[in-house]
Structures are given as structure tokens and as C-alpha cells.
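Notebook open, coffee poured. I wanted to look up who touches whom in the core, then go through the salt bridges.

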Amino acid sequence: MTDESAHESGSSPDAADALRARWSDALLAVRGGGTGPDPLPYADNLLARWAEPQRRYHTTAHLTAVLDRIDTLAGHAAAADAVRLAAWFHDAVYRPDRSENEERSAALAERALPEAGVPDAVTAEVARLVRLTVTHDPAGGDTNGEVLCDADLAILAAAPKEYAAYAAQVRDEYGFVPDEAFRSGRAAILRQLLGLPRLFRTPHGFAEWEPRARQNLLTELELLTR
């Protein structure tokens, strides 16, 4: 990758190259020995999307974190490389002022992956997983969905300082929303999350991330409603 393309992707050359390698590894794995075009132009297209200027939290740093968490949880997934590809696409289309981001991201996967040499069944699974991030509510036994959703929500279990930075980045992404309306809407989301029987569905996620995530959500809710 050139320095210019690394800059456009919003990450350092080394970090961008590491992400490109991770994309290539997952894509080649799901091809199952089949042929296809060079994976790297697809990675560059996605990295450019993840570096768009309207993003503050949903950046390549978030993509990297989700991929890292998938690596942690990979043993729980039925098809870990399909989950990794879903991570690349799950916020590939992201406009904070629109509600159809997940559907548009899934449609992008459905167009790009067959062209990249991915079998139809894997493409369908990736698109299904992307659409699942609308609710983060996988059905029982959906181990791929459990891994993706837990990886995406793992930020909720961050250390307090990191969680505060995440919350501030989310607020920045919704800077066009008046403060009172944002507080009300964000508080409703936090209450919905806190009302779930469990935030994390994988055994590791529930054991390692659930307690701190709930404490972070309660703290943010208190700050929003005081």
C-alpha cells in the first residue's frame, strides 16, 4: 500500500497493511482453494469506507478491535472466517443520519463477495450476519451470530477511561442531534441494553465482559439523566 492510500484509509501504513493481510487471509480461506481476483483492491475499497470523515467511533480502529475479539472467540464460531468477513462489512456503509446502514452494508457484501470469488453460501452467511447487527440478538445456537455480536459489543466492557472515550466519539458522530434529544435517545438505548437477560452470548463474553459492561452502561445512564 502506498503512503497515500494508507492515509486515505485513516490508519498508519503498518496498521493498514496488517488489516489488508487479515482481509486476504479470511477471503482466501473461504474461497476453499477456488480462484478469484486479487483480494487487495477489495480491502482498499473497504478501508477507504472505514476512513470516511463522518466517522469518529466507527473507524478502522473499531474494525481492528472487532477482528481482535473475533480471534478471541473464534473457537465458538461454526465458520470463523465468514464472521471475520462480516466484521469487515458490518459498518462498511455508515451514515449516522440514516437508518438503513446495516441493510446497505449487507447489500454491498452481496455484490462484492461473489465478484471476489466467495461461494454463494458464504456470501449469504456474511450478509445474514451483517443484518443481524441491527438487533444484536442472535437466535439460540447461532454461534456465528453470537461471536460477531459479542465482538461488536465488546467495547461496552472497556476500562472506564476507554469507555468514556467511546461514548464521546458516539456523541461526536451524532453532533447534528440537539443535546436534549441525544440524551433522551441514548438513554433509551442504554435502558434497552440493560434490560436484556445477557449482553453477551458466548461463554467467554458472558464470563469476562458482562459485569464491567453493565457497570459502564449504568454509569453512562446516570451521567445522561442526572
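I started at Phe 89 and listed its contacts (heavy atoms within 4.5 Å). Leaving out residues up to four places away in sequence, Phe 89 touches Trp 23, Leu 46, Ser 105, Leu 108, Ala 109, Ala 112, Leu 113, Val 126 and Val 130.

A caveat for myself: this is a predicted model, where local features need pLDDT of at least 70, side-chain atom pairs count only at pLDDT 80 or more, and totals for chains, interfaces and linings use all residues. Residues are numbered from 1 along each chain as its sequence is written, and side-chain values use heavy atoms, with hydrogens and water left out.

Next, salt bridges (a side-chain nitrogen of Lys or Arg within 4 Å of a carboxyl oxygen of Asp or Glu). I find 17 of them in the structure. Arg 131 pairs with Glu 103, with the closest N and O atoms 2.8 Å apart. That pair links distant parts of the chain, from helix α7 (residues 120-132) to helix α6, 28 residues apart; helices here are DSSP runs of H or I, at least four residues, numbered from the N terminus. I looked up exposure too: Arg 131 is partly exposed at 29% relative accessible area, and Glu 103 is partly exposed at 42% (partly exposed lies between buried, under 20%, and exposed, over 50%, with a 1.4 Å probe and protein chains only).

Asp 179 also bridges to Arg 171, N to O 3.8 Å at the closest. Last note: Arg 22, Asp 68, Asp 71, Asp 81 and Arg 84 are linked in a salt-bridge network.

How values were computed
Helix = DSSP H or I, 4+ residues; strand = E, 2+ residues; numbered from the N terminus.
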